[in-house]
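Hi,

Here is the structure I promised to pass on. Have a look at it first, and then read on for what turned up.

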Amino acid sequence: MTILNKHNEKLVGVLHETGSTEIVVLCHGFQSSKEYNMMVIIANAIESEGISAFRFDFAGNGESEGSFQISNYIREAEDLRAVIDYFTGANRTVVAILGHSKGGNVVLLYASKYHNIPAVVNVSGRYDLKRGMEKRLGKEFLERIEKDGYIDVKSRKGEFDFKVTKESLTEILKTNMHEACLSIDKRCRVLIVHGSADDLIPVEDALEFAKIIPNNRLQIIEGANHGYTSHEAELVSVILPFIKECLQQGKNASE
């Protein structure tokens, strides 16, 4: 199914429909898509509990329209808003938003700006975006971008992958996760999950998030890497009870 974002770009998603009024929205990471193995596994697990789930591609990724950018954090939070507004308009209740990696940042940024979601799951999000850029582009990335105005990033095979412009880099460095997390409503429950063996985003980032997010629960999965390879079942066993608990609390509150 497709949902239009505010730039009139089609966002393509897969709805795991159980007929429940409640729905969980899943957000993929950097250079990934709704078809990423972890997204599919989590969506199927949520569906098997009788709760509907929706996984979709951000603009410029997967099957969705739009152009890919390394930045787009704020823009992706607005894509997520378009999805949530769509379901709200269809008389569904988005009870939780879940994001992996960059998607983890996006769901936190959304919750810091819009206070209409009761639960957020940040799976392996990055706390320090500048350090992420250093890791991806090299220590001298600021000097290089000043000199040339852009950086061409190559894939592991040495082929051109994507271009980093000065504008996109500026947006990333302006995105302050610390400030954003302080703005999350204290009634919003946040689950922070991270693998202890994550070599892409260090587990320390999860600890930093846990220090500042008002109402959070931190769960480190021992031995798990960034993609939770062979730790998917453990990941699901942490996420599902949290979502069900939040759902139950919401029902109790409305009774």
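Let's start with Ser124, which is buried at a relative accessible area of 0%. Keep in mind throughout that this is a predicted model. You'll find Ser124 in the loop that runs between strand 6 (119–123) and helix 4. Its backbone is worth a look too: Ser124 is not a glycine, yet its phi is positive, at about 60 degrees.

Tyr228 makes a good companion to that residue. Its phi is also positive, near 60 degrees, and Tyr228 is a residue other than glycine. The place to look is the loop between strand 10 (216–221) and helix 9. Is Tyr228 buried or exposed? With a relative accessibility of 0%, Tyr228 counts as buried.

Now for two aspartates. Asp198 sits in the loop between strand 9 (189–195) and helix 8. What does Asp198 touch, once residues up to four places away in sequence are set aside? The answer is Ser124, Ala224, Asn225 and His226, so we are back at the serine we began with, and Asp198 itself counts as buried because its relative accessibility of 8% is under the 20% cut-off. If you'd like a distance to check, the C-alpha atoms of Asp198 and Ile221 are 9.8 Å apart, with their positions 23 residues apart in sequence.

The other one, Asp205, belongs to helix 8 (residues 204–212). Asp205 has a relative accessible area of 1%, so it is buried. Leaving out neighbours within four places in sequence, Asp205 is in contact with Gly125, Arg126, Tyr127, Asp128 and Arg131.

For a contrast, go to Glu222, in the loop between strand 10 and helix 9. Glu222 has a relative accessible area of 57%, and therefore it is exposed. Beyond residues up to four places away in sequence, Glu222 touches Ser196 and His231. Between Glu222 and Phe162 the C-alpha distance is 33 Å, and they are 60 residues apart in sequence.

Next, the pockets. How big is the largest pocket? Its volume is about 710 Å³. There are 25 residues lining the largest pocket, and Phe30, Gln31, Arg136, Arg156 and Leu200 are the closest to its centre. Two or more lining residues come from each of helix 3 (102–113), helix 4 (129–137), strand 7 (150–154) and strand 8 (160–165). Which element gives the most to this lining? That is helix 4, with five residues. By type, the lining of the largest pocket splits into nine nonpolar, nine polar and seven charged residues.

The second largest pocket has a volume of about 190 Å³. Among the residues that line it are Glu22, Thr93, Arg187, Cys246 and Lys251. Strand 5 (93–100) and helix 9 (232–254) each supply at least two residues of that lining, and helix 9 gives the most, with six. Here the lining divides into five nonpolar, three polar and four charged residues.

Then there is the interior. In soluble globular proteins, nonpolar side chains tend to be buried together. The largest nonpolar core in this model has 51 residues, of which Phe56, Leu80, Ile97, Leu108 and Val164 touch the most other members. Take Leu80 as an example: not counting residues up to four places away in sequence, Leu80 touches Val25, Cys27, Phe56, Ile97, Val106, Val107 and Tyr110. Apart from the largest core lies another, of 30 residues, including Leu26, Leu235, Val236 and Phe242.

Last, the annotation. An unreviewed UniProt entry marks residues 22–133 as "domain: Serine aminopeptidase S33". Over residues 22–133, the chain is 41% helix and 21% strand. The C-alpha atoms at the two ends of this stretch are 37 Å apart.

If you open the model, Ser124 and Asp198 could be a good place to begin, as the two touch.

Cheers

Notes: Residues numbered from 1 in each chain as written. Predicted model: local features only at pLDDT ≥ 70, side-chain atom pairs only at ≥ 80, totals over all residues. Heavy atoms only, no water. 1 Å grid on protein atoms, 1.4 Å probe; cavity = no way out; pocket = protein on both sides within 12 Å on 5 of 7 lines; lining within 4 Å. Points joined across faces, edges and corners; volume = space filled by probe spheres on them. Helix = DSSP H or I, 4+ residues; strand = E, 2+ residues; numbered from the N terminus. Nonpolar A, V, L, I, M, F, W, Y, C, P; charged D, E, K, R; others polar. Core = buried A, V, L, I, M, F, W, Y, C linked by side-chain atoms within 4.5 Å. Buried < 20%, exposed > 50% of the residue type's maximum accessible area, 1.4 Å probe, protein only. Contact = heavy atoms within 4.5 Å. UniProt positions renumbered as here; feature names shortened; annotations may be inferred.
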